[in-house]
Amino acid sequence: MRDEVRTFVIEQLQDMNYDVEGIDDATTLGPSGVDLESLALSDLSVRVEDRYGLRFADDESEKLALMTVGEFTTMVADRVAGATTDHR
């Protein structure tokens, strides 16, 4: 699941016209990495929410900017797995 989420995140960044060449799991989403501004981070969050049926709390947006691509994709994959487990 994590690889699928990572691929989706990279595709969305590319669709949002960000240069994805050289992005790895250690690249931060915020200023020192991908350099997503708050609006772009919200856009990415909404795309992930829509794709995986998740919801990010309003107070999580600042935390997301500090996360690496690897941390973000792991968190999303874990939530999807948890959501799947919760509904069994």
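Where is Gly30 found? Gly30 lies in the loop between helices H1 and H2, the latter spanning residues 38-52; helices here are DSSP runs of H or I with at least four residues, numbered from the N terminus. The structure is a predicted model, in which local features need pLDDT of at least 70 and side-chain atom pairs count only at pLDDT 80 or more, whereas totals for chains, interfaces and linings use all residues. Residues are numbered from 1 along each chain as its sequence is written, and side-chain values use heavy atoms, with hydrogens and water left out.

Confidence is expressed as pLDDT, the predictor's confidence in each residue on a scale from 0 to 100. The protein chain has a mean pLDDT of 90, and 94% of its residues reach 70 or more. Confidence is highest in H1, at a mean of 96, and lowest in helix H3 (residues 61-66), at 85.

Helix H1 comprises 14 residues, from 2 to 15, and its first and last C-alpha atoms are 20 Å apart, close to the 20 Å expected at 1.5 Å a residue; the expected span is 1.5 Å times one less than the number of residues. Val5, Phe8, Val9, Ile10, Gln12 and Leu13 of H1 are buried, where buried denotes under 20% relative accessible area, exposed over 50%, and partly exposed in between, with a 1.4 Å probe and protein chains only. Gln12 in particular has a relative accessibility of 14% and therefore counts as buried. Beyond residues up to four places away in sequence, Gln12 touches Leu44 and Arg47, contact being defined as heavy atoms within 4.5 Å. Just after H1, Asn17 adopts a positive phi of about 70°.

Within the loop that follows, Gly30 is buried, because its relative accessible area is 0%. Apart from neighbours within four places in sequence, Gly30 is in contact with Asp35, Leu36 and Ala65. The C-alpha atoms of Gly30 and Leu41 are 8.4 Å apart, and the two residues are separated by eleven places in sequence.

Seven salt bridges are present in the structure, each being a side-chain nitrogen of Lys or Arg within 4 Å of a carboxyl oxygen of Asp or Glu. One of them joins the side chains of Asp15 and Arg47, at 2.7 Å from N to O. This pair links distant parts of the chain, with Asp15 in H1 and Arg47 in H2, 32 residues apart. Asp15 is exposed, since its relative accessibility is 51%. Arg47 also forms a salt bridge with Asp43, at 3.1 Å from N to O. Both of these residues belong to H2 and stand four residues apart, about one turn of the helix. Asp43 is partly exposed, as its relative accessible area is 32%.

A further salt bridge connects Arg55 with Glu49, whose closest N and O atoms are 3.0 Å apart. Arg55 is exposed at 61% relative accessibility, whereas Glu49 is buried at 11%. Elsewhere, salt bridges with shared partners join Arg2, Arg6 and Asp25 into one network.

The largest pocket encloses about 230 Å³ of space. A pocket is an open set of points on a 1 Å grid over the protein atoms alone, where a 1.4 Å probe fits, with protein on both sides within 12 Å along at least five of seven lines; lining residues have an atom within 4 Å of a point. Its lining consists of 16 residues, of which Ser42, Ser45, Asp58, Ser61 and Leu64 lie nearest the centre. H2 contributes the most to this lining, with six residues, and H2 and H3 each supply at least two.

Technical notes: Points joined across faces, edges and corners; volume = space filled by probe spheres on them.
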